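Biologist: Mind walking me through how the two chains fit together here?

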There are 2 protein chains.
Amino acid sequence: MAGGPELERLITLLARLPGLGPRSARRATLWLLREPVGRLEPLIEALATARQKVRRCSRCGSLDTADPCTICADPRRDRSAVMVVEQVGDVWAMERSGLFRGRYHVLGGVLSALEGVRPEDLNLAPLFARLESGEVREVILALPATVEGASTMHWLAERLRPFGVRITRLAQGVPVGGTLENLDEGTLAAALRARLPEEGDERA
Amino acid sequence: MAGGPELERLITLLARLPGLGPRSARRATLWLLREPVGRLEPLIEALATARQKVRRCSRCGSLDTADPCTICADPRRDRSAVMVVEQVGDVWAMERSGLFRGRYHVLGGVLSALEGVRPEDLNLAPLFARLESGEVREVILALPATVEGASTMHWLAERLRPFGVRITRLAQGVPVGGTLENLDEGTLAAALRARLPEEGDERA
């Protein structure tokens, strides 16, 4: 390729990033090289810092440059509520909403016979340790609404019951802004089962 | 943000890449961190190599880890034909087509009164030097088919005329696979002006 093998390799690596392809990887490479000091160097530094400093939080399993992570270390976060999620991206999504003021636990996966994910492959021990400390009063199961996610939540709820904590799940239903015609049957069924009385309806 | 300020900075920098946004920058960050050795480290190395080694070719103005660049240094390339393009990305696009076996010259821009780009802002001296060497017989003007590109080609053709070389331009017309209804008037006019006799039409 024009530009030599080193540039070709950079484009190949960038093209592997989710969301980029060969075309945008080429554009990104040229964009970075147009201002090496202002664009390329800061990116190299940020990636190198991430490589050196980011680790799994030993308490919740999330990724952070500090251990315990920013959330686990924050004294303003509610210690009594723990939300169990599959991945770090789920923590980030929930944090962007700003709705949850408790702490998280990242399982790192869900049980799956098909993909050979067993309980010992999940990040479970630190969760049980936290429950043993007695500070947790509610565990919110927020695993994906898939077959594997649902069966993992069922399995986990059984394991958590002996701790005597409240166990809840995220509600299922019609996404805000969603139209019925594009929803699958499972979601429609869940939304119908969990229907709520309309405000002001005396008979509900 | 969850993950700490260093991760937040990495996501911000990745989100600036053309083709990525905040959402895909978060996905890319998590994807890289999932396998630091296999994904993050090779990318850091490739970016650092690009930072250290990539430079402008002193002959043609393209980007390469070698100077003269891979194309200028290739003895199999035709020295007698030079294609003048605006940007390095244009060289890469033409090379992917595999159609051109001559060499390139990257101007680094086009003349623009609006954006204050004057002749002295363009990479012109090495082009004139190559023409003075006497090895060039044809200069193909392949600047963008915009108002600025067209006036730059006109301006440049005047400057090149004293060298006594053949000066050509890329043809304009209907893009291969393009339908007429989506084409602008300028392209339609150019395609009509430059119409060719249908093969076998004796009257044309």
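**Helix against helix, chain against chain**

Modeller: Sure, and keep in mind this is a predicted model. To start, α1(A) crosses α3(B) with left-handed geometry.

Biologist: At roughly what angle do the axes of helix α1 of chain A and helix α3 of chain B cross?

Modeller: The helices in play are residues 5–15 of chain A and residues 36–53 of chain B. Their axes come within 9 Å, and the crossing angle is roughly 145°.

Biologist: How do the residues of that contact divide by class?

Modeller: On the α1(A) side you've got E6(A), R9(A), L10(A), L13(A) and L14(A). From α3(B) come P42(B), L43(B), A46(B), L47(B), T49(B), A50(B) and K53(B). Sorted by class, that's three charged, one polar and eight nonpolar.

Biologist: Zooming out, how much area is buried between chain B and chain A?

Modeller: The contact involves 51 residues of chain B and 51 of chain A. Carbon and sulfur atoms give 76% of the buried area, which is about 4,600 Å².

Biologist: Which residues in chain B lose the most area to chain A?

Modeller: Three of them together make up 15% of what the chain B side buries. They're L47(B), R51(B) and W92(B).

Biologist: And how many salt bridges are there between chain B and chain A?

Modeller: One salt bridge joins E6(B) to K53(A), with the closest N and O atoms 3.3 Å apart. Eight residue pairs are in polar contact across the interface. For salt bridges between the two chains, the count is four.

Key: Residues numbered from 1 in each chain as written. Chains lettered and ligands numbered in written order. Predicted model: local features only at pLDDT ≥ 70, side-chain atom pairs only at ≥ 80, totals over all residues. Heavy atoms only, no water. Axes fitted to C-alpha atoms, helices over the stretch in contact; angles between N-to-C directions. Helix = DSSP H or I, 4+ residues; strand = E, 2+ residues; numbered from the N terminus. Left-handed = near helix turned anticlockwise from the far one by under 90°. Contact = heavy atoms within 4.5 Å. Nonpolar A, V, L, I, M, F, W, Y, C, P; charged D, E, K, R; others polar. Buried area = accessible area lost by both parts, 1.4 Å probe. Salt bridge = Lys/Arg side-chain N within 4 Å of Asp/Glu carboxyl O. Polar contact = N/O pair within 3.5 Å; in protein donor to acceptor, adjacent residues only side chain to side chain.
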